[in-house]
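Here's a friendly walk through a protein chain. Have a look at the sequence and the structure first, then read on.

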Amino acid sequence: MRYYSCDSHVVEAAEIYDGLTDRFGDRAPFIEKDYQGKPGTWLVLPGGMQTLPVGRLGIAGARLDDPATHERIAMGYDGFNPGVMDPVARLDEQITDGIVGEVMYPSLSMFTFAIPDAEVRDAAFRQHNDWVLDYCSVDRNRLIGVGCLPLPDVDRAIAEMDRSAGRGVKGFAIPAHVDPALPYNDPTFDPFWARAQEYGVPLTMHIFTGQTLDGGLPTHWGTPGGNLKGYTLAHTTAVNTMIDIICGGVVERFPQLKFVISEYETGWVAHTLQRLDHAAYRTPWELADGLTMKPSEYFDRNFWVTFEDDAEGIATRHEIGISNLLWGNDYPHHDSIWPNSRPILDDILSGVPDDEREAMVWGNVLDLYEIDPDSLPSAA
């Protein structure tokens with residue numbers, strides 16, 4: 001049996017923000033070492049939005065309660081495992097974890113989604129997408145880099161999808177949360193959905209990718225990245241968006257769209273679908289006109305969700321749908337189960353039939369991203 005991660009990450013080089021300050025001044029994000037005297041390398045978002053330590057994004061295999069980890073974080077890029085920045089070395093780090101490939105979401109660019117300036121977002125994502133294509137060029141079957149699109153600006157997002165998909169980007173991240181005054185089921189987004197359906201590319205809504213850093217959560221919950229309640233309840237961001245897309249008629253109008261809800265784990269999914277179906281029965285006037293299926297049936301057709309080490313999701317896998325589940329190791333983030341993915345999977349998948357296990361850790365991701373299994377190593 002082979003294993004392919006559908007939720008890993010690149011950690012982008014500082015060059016993805018090169019030249020933005022020259023073009024946009026203080027509207028632009030930038031990377032700076034020892035910013036304002038704080039040890040480490042920092043991503044500085046404009047307008048005092050937030051500063052984030054780059055070093056924290058590449059410490060897989062380390063524990064946050066170990067003082068040595070914080071010394072490593074302060075080293076910035078120099079504290080990373082070799083493969084985080086060197087894609088050739090990354091192939092060896094896949095073997096260390098017992099896997100043969102990765103779909104890789106952004107790290108720094110997750111937070112770029114919250115920059116309010118559409119022109120800056122667009123420029124930053126163009127540079128991210130070009131960098132990702134270069135990083136993956138050593139083996140485009142084992143390294144699949146997810147691009148970023150500057151929604152909610154529909155025209156810019158379509159233009160960048162045309163450009164990057166034409167160059168070989170096979171999937172895109174979009175904000176997991178947008179302004180509720182203009183939700184994804186608003187007809188404004190229909191030209192974007194139509195173009196995404198034409199390309200057939202998966203669209204991922206990943207934790208920490210929102211139009212605002214709070215992910216639309218109530219103020220007293222805090223943020224998904226910085227607070228106990230915000231992190232615990234972060235999946236409600238994705239649930240809210242999923243309901244807009246399903247019950248607002250998006251996937252009725254565009255039935256071939258592919259959405260991935262990533263890194264919120266999966267224990268919440270089965271209950272949410274059951275409750276959403278019942279809510280649709282209780283309040284049918286809140287559904288878009290013309291829906292032909294129950295919400296859970298749209299989910300089954302149009303949505304995938306990723307898990308890492310979520311035994312609760314595995315326990316309800318049949319209610320979620322075996323074909324809707326994708327496994328990922330989250331490398332190289334600090335929550336990653338690298339380099340212990342295989343024993344952890346052996347534990348949480350104990351008793352799961354081989355055909356179901358193979359679908360979740362291998363077959364589903366190959367189908368979704370149209371990966372030729374013969375292009376991959378026979379084993380790791």
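## The chain as a whole

Of the 380 residues in the protein chain, 56% are buried. Keep in mind that this is a predicted model. The chain holds 17 helices and 12 strands, so there's plenty to look at, but two sheets and a pair of helices make a good start.

How far does the chain spread out? Along its principal axes, the C-alpha trace spans about 55 × 50 × 45 Å. The radius of gyration is 20 Å, and a compact globule of 380 residues would come in near 21 Å, so the chain agrees with that expectation. Contacts tell you something about the fold as well: take those between residues at least 6 apart in sequence, and 71% of them join residues at least 24 apart.

## The three-stranded sheet

Let's begin with the sheet that includes β1. Three strands make up this open sheet, in the order β1-β5-β6, and they pair in parallel. At the edges sit β1 and β6 (residues 143-145), each with a pairing on one side only. From one strand to the next, the twist averages 35°.

Zoom in on β1 and its partner β5, which covers residues 102-105: three bridges hold this parallel pairing. You can trace it residue by residue. Ser-5 stands opposite Glu-102 in β5, and Ser-8 stands opposite Met-104 in β5.

Is β1 buried or exposed, given its place in the structure? Five of its five residues are buried, so the strand is largely enclosed by the rest of the structure. Helix α4, made of residues 87-97, lies across β1, β5 and β6 and runs at about 115° to β6.

## A loop residue after β1

Now step off the end of β1 (residues 5-9). The loop between β1 and α1 (residues 20-24) is where you'll find Ala-14. This residue is partly exposed: its relative accessible area is 29%, and the partly exposed range runs from 20% to 50%.

What does Ala-14 touch, leaving aside residues up to four places away in sequence? Its contacts are Ile-31 and Tyr-77. For a sense of scale, compare Ala-14 with Pro-353, which is 339 residues apart from it along the chain: their C-alpha atoms are separated by 44 Å.

## The six-stranded sheet

The other sheet to look at has six strands. It's open too, its order is β7-β8-β9-β10-β11-β12, and the pairing is parallel. The edge strands here are β7 (residues 147-148) and β12 (residues 325-327), and each pairs on one side only.

Start at the β7 edge. Two bridges join β7 to β8, which spans residues 172-173, and the two strands run parallel. Cys-148 has Ala-173 in β8 as its bridge partner.

Then move across to β11, residues 303-307. Its neighbor β10 (residues 259-262) pairs with it in the parallel sense over three bridges, with Val-260 standing opposite Trp-304 in β11. The pairing of β11 with β12 is parallel as well, again over three bridges. There, Val-305 has Leu-325 in β12 as its bridge partner.

Why does β11 count as largely enclosed by the rest of the structure? Five of its five residues are buried, so the strand is enclosed in that way. Look at its two faces and you'll see that both are covered. Phe-303, Val-305 and Phe-307 are buried on one side, while Trp-304 and Thr-306 are buried on the other.

## Two helices that cross

Last stop: a helix pair. Helix α10 (residues 235-247) packs against helix α13 (residues 295-302) at an angle of about 100°, with their axes 10 Å apart. Angles from 65 to 115 degrees count as roughly perpendicular, and α10 and α13 are therefore roughly perpendicular to each other.

Which residues meet where α10 and α13 come together? From α10 there are Met-242, Ile-246 and Cys-247, and from α13 there are Pro-295, Tyr-298 and Phe-299. Sorted by type, the residues of this contact are six nonpolar, no polar and no charged.

Definitions and conventions:
Residues are numbered from 1 along each chain as its sequence is written. This is a predicted model: local features need pLDDT of at least 70, side-chain atom pairs count only at pLDDT 80 or more; totals for chains, interfaces and linings use all residues. Side-chain values use heavy atoms; hydrogens and water are left out. Two strands pair if DSSP finds at least two bridges between them. Helices (H or I, at least four residues) and strands (E, at least two) are DSSP runs, numbered from the N terminus. Buried means under 20% relative accessible area, exposed over 50%, partly exposed in between (1.4 Å probe, protein chains only). Contact means heavy atoms within 4.5 Å. Axes are lines fitted to C-alpha atoms, for helices over the stretch in contact, and angles run from 0 to 180 degrees between N-to-C directions. Angles under 35 degrees count as roughly parallel, over 145 as roughly antiparallel, 65 to 115 as roughly perpendicular and the rest as oblique. Ala, Val, Leu, Ile, Met, Phe, Trp, Tyr, Cys and Pro count as nonpolar, Asp, Glu, Lys and Arg as charged, and the others, Gly among them, as polar. The radius of gyration is taken over C-alpha atoms; the globule rule is 2.2 Å times the number of residues to the power 0.38.
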